[in-house]
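The following exercises concern strand order, pairing and crossovers in a single sheet. Each task is followed by a solution in steps.

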Amino acid sequence: MSEAAVKLKKVTEHSPSEIEKVKEWINSEDYKEKNFARTALVVNPAHACQPLGAQMVATSFEGSLPFVHGSQGCASYFRSTFSRHYREPAAATCDAMTEDGAVFGGQNNLFEGLENAYALYKPKMMPVYTTCMPEVIGDDLTAFIKNAKQKEMVPEELPIPYANTPSFNGTHIHGYDAMLRSILQDLTQDQKIEGKCTGKLNLIPGFDGNVGNLREYKRICELMDIPYTMLADSSDVFDSGCDGEYKLYAGGTKIEDAAECINGKATISLQKYSTANTMKFINAEFSGDKEVMPLPFGVKKTDELILKLSELFDKPVPEALKKERALAVDAMTDAHQYLHGRKFAVAGDPDYLLGIVSFLLEMGAIPHHVLCSRATKKFKKEMDALLESSPFGEGCTCYINKDLWHMRSLLVTDPVDGIIGDTHAKWAARDAGIPLFRIGFPIIDRVNLHRSPVVGYQGAINMLTMIANKFLDIKDETCEDQWFEMMR
Ligand code: SF4
């Protein structure tokens, strides 16, 4: 019988007028109220899952092969997200647990996976982290890894630090933190020597998808003549250059440097919320000074970092950095009128949000909606205090544990001029008819932004150039003929 003879009504068929009605309704205050009353569903959260953050750390040490204990699909998601963001291969292996592993436990998968991965890829370290499935069934990684070594599937001396990274309890920043702590615990074991000081700075950038930022930190240390070890350094791993030869282990923090960092002169973490547990361990075990600084977005926060480095290492601020600062202040003055008084929405990770908001306040821009998909009341308190510190922060609301569908409701009912966030915010931006300024992770729909630093004086220039020029583009594209000016 032909399709024409049987007239089927599709269950999801709606008339054009119904569709228009709903389109209008989802932009209303009434819908916003219902949207904010939702409790059992998350739509488009501005974060990724725990093991993805663990993988960023696991891959950032020299010769280190990240090892996913769990499902193949999860491992593909981590790899593909990194590959899309950095446009580079993201090597990681997985023991591909399936139904039998879920029933009987994943020890056999781990045994086979570790043995094969070591035989094939000869890593110097294999950090293991979990997906949700082995966490739900309660796999005991301590015992499994010990057993694998006892059965000589991998050498006894091979470092296999592990982190439990259940995604139903945390995000990529928590996975980053758990894995970094575990790697440092493993590599620094028995390395502490009383009275010994490497004279070096341990610099922890925190979860940061911008390799340009990491290089900016290193450049600042080199300009100040401060010896450093970056923990963990993903810059050359995820931005290794193209010389015709694939390198499985391209860059990363040297294992020996990481092992001796326990005897460092000072340790600075630049992300409070993505290194909270790591810093607890460092505070208890490491020698030297320990500091948690804000991400150096904008001039004020960059000044704070440079002055702290100068104080800790008794080094003067070099002329080159003073000149960079002057250039940043000049660039901010030149672009000031294009950002001053503009309203922004911002979504992202806690440390990034604090940095971006601080930069906006410095420029006289108005952060209006700040949204973090997973944060504590402590973070909200810190954000509120930052907003209260400036007249430009007045009237801004910080939303925690809300998603980008909530953000969409905010944008259409209480409009702003632009939104700052990662690629996931593009739907909300499109529905609200405002530009999205891509700062954060992941950025998978534009190229090379991960190479352009947003921290330090240079980062301040890059951010304000991107934002001011976009507003000028919009003006040129939308103004009437009589306002189409040569000079802006
Ligand atoms: S949330 Fe859990 S199941 Fe989903 S990709 Fe992450 S680890 Fe896998």
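**Exercise 1.** In what order do the five strands of the open sheet stand, and is the pairing parallel or antiparallel?

*Solution.* The model is a predicted one. The order across the open sheet is 11-10-9-12-13, and its pairing is parallel. Strand 11 and strand 13 (436-438) occupy the edges with a single partner strand each, so one side of each has no neighbour in the sheet. On average, neighbouring strands are turned by 20 degrees against each other, direction ignored.

**Exercise 2.** Determine how strand 10 is joined to its partners, and name a residue pair for each.

*Solution.* Begin with strand 9 (residues 343-347), which pairs with strand 10 in the parallel sense over five bridges. Here phenylalanine 344 has proline 367 of strand 10 as its bridge partner. Turn next to strand 11 (residues 397-400), which runs parallel to strand 10 and is joined to it by four bridges. Leucine 371 stands opposite tyrosine 399 of strand 11.

**Exercise 3.** Trace the helical connections into and out of strand 10.

*Solution.* Helix 16 (residues 350-362) forms a right-handed β-α-β unit with strand 9 and strand 10. A right-handed β-α-β unit is also made by strand 10, helix 17 (residues 377-388) and strand 11. Helix 17 lies across strand 10 and strand 11, at about 165 degrees to strand 11.

**Exercise 4.** Why is strand 10 described as largely enclosed by the rest of the structure?

*Solution.* The criterion for a buried residue is 20 or more other C-beta atoms within 10 Å of its own. Seven of the seven residues of strand 10 (residues 366-372) are buried, and therefore the strand is largely enclosed.

Key: Residues are numbered from 1 along each chain as its sequence is written. This is a predicted model: local features need pLDDT of at least 70, side-chain atom pairs count only at pLDDT 80 or more; totals for chains, interfaces and linings use all residues. A residue is buried if 20 or more other C-beta atoms lie within 10 Å of its own, exposed if 12 or fewer, and partly exposed in between; C-beta atoms are placed from the backbone. Helices (H or I, at least four residues) and strands (E, at least two) are DSSP runs, numbered from the N terminus. Two strands pair if DSSP finds at least two bridges between them. A crossover is right-handed if, with the strands pointing away from the viewer, the path from the first strand over the helix to the second runs clockwise. Axes are lines fitted to C-alpha atoms, for helices over the stretch in contact, and angles run from 0 to 180 degrees between N-to-C directions. Two residues are in contact if their C-beta atoms, placed from the backbone, lie within 7 Å.
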